There are 2 protein chains.
Amino acid sequence: MKTPPYPRSMGRLLNTLSEAACGLAEDFLRPYEVSLAQWVVLSALWRRDGLSVSELSEYSGKKTAALSRLLDRLEDKELVRRAGVEDDKRSVKIHLTKKGQGLSHLVDMYKHVNGVLLADLSEAEQEQLFPMLERMLDSVEGKSKKR
Amino acid sequence: MKTPPYPRSMGRLLNTLSEAACGLAEDFLRPYEVSLAQWVVLSALWRRDGLSVSELSEYSGKKTAALSRLLDRLEDKELVRRAGVEDDKRSVKIHLTKKGQGLSHLVDMYKHVNGVLLADLSEAEQEQLFPMLERMLDSVEGKSKKR
DNA sequence: TGATTTTAGTTTACATGTAAATTAGATGTC
DNA sequence: GACATCTAATTTACATGTAAACTAAAATCA
């Protein structure tokens with residue numbers, strides 16, 4: 001049973017595209033035994049080490065509850081380590097281990113995905129596409145119950 | 001910590017958009033106590049009742065393993081019911097209950113999401129946007145390890 | 001200062017997705 | 001017909017996301 005051609009659903013198209021893009025990323029990361037969710041957190045730390053859980057949440061868009069457990073796994077893999085903060089004992093800063101730093105070249109993973117996604121679009125088309133998508137995002141965020 | 005402006009990541013943009021669109025859909029469905037994942041399955045059945053698990057898998061893009069459990073919940077909610085097939089006793093057909101049929105107006109939920117997503121794009125822009133996204137999808141599916 | 005409210009992070013319960021193993025029933029081939 | 005193989009669906013183990021409850025510490029304020 002195929003998706004009916006009309007009326008077209010932008011939501012579904014975005015969803016399919018997003019999952020396809022995630023699939024590419026997962027394929028790329030699989031040899032390194034890092035999940036896409038983990039990569040998102042690591043990529044923040046590769047850019048700036050020692051972020052707090054809250055900062056990672058803001059960066060990644062994930063709730064701290066989700067991060068808490070994800071960080072457990074990154075610690076199990078010895079890619080990061082939690083460190084208490086002297087000034088504010090509620091806060092926890094996350095640091096890369098040597099092993100975690102060793103994967104820092106993966107920070108460019110998204111370029112590989114970008115390359116595949118944009119392979120068939122001209123520069124001019126990309127110039128049109130990005131702003132349209134960004135305006136679409138503005139529309140949704142204006143309507144969203146969150147925020 | 002904000003997303004850096006350059007280089008732009010199409011993967012991330014698509015992901016953010018997709019999640020925002022899913023959020024809209026979830027908000028819309030919340031009063032009916034139906035999740036988006038459940039809606040996808042129900043929407044297939046509202047169009048054609050009595051699909052098998054495999055057919056639902058093909059339609060929804062979900063693995064049968066995921067559907068199996070999701071259908072358990074839809075059965076718990078008494079929205080669908082499983083029925084064995086005489087000809088092939090491995091196969092299971094899924095039928096809407098009266099209660100499930102009673103929600104069939106939700107089949108148009110995606111139009112609400114479409115409306116918000118496309119609110120700020122002209123007809124002409126939409127005519128450009130859909131084909132570009134579809135070409136992007138073709139690019140990914142050409143590269144994907146799956147299929 | 002002492003009580004109240006916020007904030008940071010964690011934990012728990014639940015829904016969902018994947019991969020891999022399992023079960024039972026078709027199918028195909030000799 | 002009997003054995004090997006394929007297929008449909010389920011089950012299990014695990015990662016991840018959400019919401020809500022919980023803990024501990026900081027900040028506010030009367």
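A residue counts as buried if 20 or more other C-beta atoms lie within 10 Å of its own, as exposed if 12 or fewer do, and as partly exposed in between, with C-beta atoms placed from the backbone. The model is predicted, so that local features need pLDDT of at least 70 and side-chain atom pairs count only at pLDDT 80 or more, while totals for chains, interfaces and linings use all residues. Residues are numbered from 1 along each chain as its sequence is written, and chains are lettered from A and ligands numbered from 1 in the order in which they are written.

**Exercise 1.** Determine whether A:Glu78 is buried or exposed.

*Solution.* Begin with the backbone: phi of A:Glu78 is near 60 degrees, a positive value in a residue other than glycine. Next, count the surroundings: 11 other C-beta atoms lie within 10 Å, and A:Glu78 is therefore exposed.

**Exercise 2.** Repeat the assignment for B:Glu33, buried or exposed.

*Solution.* The phi angle of B:Glu33, a residue other than glycine, is positive, near 55 degrees. B:Glu33 has 10 C-beta neighbours inside 10 Å and so counts as exposed.

**Exercise 3.** Identify which residues come nearest to DNA strand C, and classify the surface near this strand.

*Solution.* A residue is near a strand if its C-beta atom, placed from the backbone, lies within 6 Å of it. Of the 25 residues around DNA strand C, those that come nearest are A:Ser52, A:Val53, A:Ser54, A:Ala65 and B:Ser35. Sorted into nonpolar (Ala, Val, Leu, Ile, Met, Phe, Trp, Tyr, Cys and Pro), charged (Asp, Glu, Lys and Arg) and polar (the others, Gly among them), the surface near DNA strand C holds eight nonpolar, seven polar and 10 charged residues.
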